[in-house]
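The exercises below ask the reader to work through a single protein chain, step by step, with the sequence and the coordinates at hand. Each task sentence is followed by a worked solution.

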Amino acid sequence: MSERKNIHTFAKIFSHLTGPPTEIPVIIFLLLNRAGVGRSSFLSYAAVFLFFGWGIPVAYFAYALRRGWIRDINATDRRDRPVPYAVAVAGWTILIFFVLNVPTFVDYPLFQYFYALLLVIWLITFFYKVSVHAALNTALYLLLNQVCDWRFWWLFPLVLLVCWSRWINKKHSFWQLVLGVAVAVGLWGAFCLVKLP
């Protein structure tokens, strides 16, 4: 019993460490790094990206959780998800217009990929619960390897560990996890065909 409890505790901690509040700042860093933003502008760009792409969505989620609009920190009930996801999409829509007006942002397709991923996840959520953990972690390792010439391909098994952590604590079904990975990989494949270098 104690061993089982330890496994669930580890899975819970690992799940929190690999969730959207942790992953999105890393993804933002990778996007800006790939974009060729100069050192003098990097902090300014990072502040804008973190404010609209991370700060506002996280602040809204925390506020909604406190008000009871979201029932638990995992937003386990699918019906709790569309509004906070819409806030995230709105923040990244603002960033789309920001990026379009920054001529030095040379890797716009990667930004489009991540924006498309958030948009598709939000739309799916109206009909089916998809694992954001699975999707974002898959996207993170795809972005990391794109930026680093695929030197970190060996990190992909961590996606399976993330999925296991969500499944063992009964936050997602097997198919919800598969869909999260499939959406990230499918969109990546589509962007590779038409946009990504």
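## Exercise 1: The cysteines

Cys 163 is buried, with a relative accessible area of 11%. The model is a predicted one, and the task is to establish how many disulfides the structure holds and whether Cys 148 counts as buried or exposed.

Step 1. A disulfide is a covalent bond between the sulfur atoms of two cysteines. The count for this structure comes to zero disulfides.

Step 2. Cys 148 is accordingly in no disulfide, and the nearest cysteine sulfur, which belongs to Cys 192, is 16 Å away. Since a pair of cysteine sulfur atoms must lie within 2.5 Å to count as a disulfide, Cys 148 and Cys 192, at 16 Å, do not form one.

Step 3. The relative accessibility of Cys 148 is 15%, and because buried means under 20%, Cys 148 counts as buried.

## Exercise 2: The surroundings of Gln 176

Describe where Gln 176 is found, and state which residues Gln 176 touches when those up to four places away in sequence are not counted.

Step 1. Gln 176 belongs to helix α8, which covers residues 174-194.

Step 2. With a relative accessible area of 13%, Gln 176 is buried, because this value falls under 20%.

Step 3. The side chain of Gln 176 reaches the backbone nitrogen of Ser 173 at 2.9 Å.

Step 4. Leaving aside residues up to four places away in sequence, Gln 176 touches Tyr 128, Lys 129, Val 130 and Ser 131, together with Lys 171.

## Exercise 3: The largest pocket

Determine how much space lies in the largest pocket, and which helix gives the most to its lining.

Step 1. The space in the largest pocket is about 650 Å³.

Step 2. The lining of this pocket is made up of 27 residues, and those nearest the centre are Pro 20, Pro 21, Phe 61, Tyr 85 and Val 132.

Step 3. Sorted by character, the lining of the largest pocket holds 19 nonpolar residues, six polar residues and two charged residues.

Step 4. At least two lining residues come from each of α1 (2-17), α2 (20-34), α3 (39-67), α4 (82-100), α5 (108-125) and α6 (132-147). The helix that gives the most is α3, with six residues.

## Exercise 4: Two residues of helix α3

For Val 48 and Gly 55, work out whether each is buried, partly exposed or exposed, and relate each to a residue farther along the chain.

Step 1. Val 48 is found in helix α3, and Gly 55 lies in helix α3 as well.

Step 2. The relative accessible area of Val 48 is 24%, so Val 48 is partly exposed, as the value lies between 20% and 50%. Gly 55, with a relative accessible area of 23%, is partly exposed by the same limits.

Step 3. Val 48 and Ile 94 are 46 residues apart in sequence, and their C-alpha atoms are 10.0 Å apart in space. Not counting residues up to four places away in sequence, Val 48 touches Leu 95 and Phe 98.

Step 4. The C-alpha atoms of Gly 55 and Phe 111, which are 56 residues apart along the chain, are separated by 18 Å.

## Exercise 5: Positive phi in the loops

Locate Ala 75 and Lys 170, and decide for each whether the residue is buried or exposed.

Step 1. Ala 75 is not a glycine, although its phi is positive, at about 45°. Lys 170 is likewise not a glycine, and its positive phi is about 60°.

Step 2. Ala 75 sits in the loop between α3 and α4, whereas Lys 170 sits in the loop between α7 (157-168) and α8.

Step 3. At 3% relative accessibility, Ala 75 is buried because the value is under 20%. Lys 170 has a relative accessible area of 74% and is therefore exposed, as this value is over 50%.

Definitions and conventions
Residues are numbered from 1 along each chain as its sequence is written. This is a predicted model: local features need pLDDT of at least 70, side-chain atom pairs count only at pLDDT 80 or more; totals for chains, interfaces and linings use all residues. Side-chain values use heavy atoms; hydrogens and water are left out. Helices (H or I, at least four residues) and strands (E, at least two) are DSSP runs, numbered from the N terminus. Buried means under 20% relative accessible area, exposed over 50%, partly exposed in between (1.4 Å probe, protein chains only). A polar contact is a pair of N or O atoms within 3.5 Å; within protein, one must be able to donate a hydrogen and the other to accept it, and residues adjacent in sequence count only if both atoms are side-chain atoms. Contact means heavy atoms within 4.5 Å. On a 1 Å grid over the protein atoms alone, a cavity is a set of points where a 1.4 Å probe fits but cannot get out, and a pocket is an open set with protein on both sides within 12 Å along at least five of seven lines; lining residues have an atom within 4 Å of a point. Grid points are joined across faces, edges and corners, and a volume is the space filled by probe spheres set on the points. Ala, Val, Leu, Ile, Met, Phe, Trp, Tyr, Cys and Pro count as nonpolar, Asp, Glu, Lys and Arg as charged, and the others, Gly among them, as polar.
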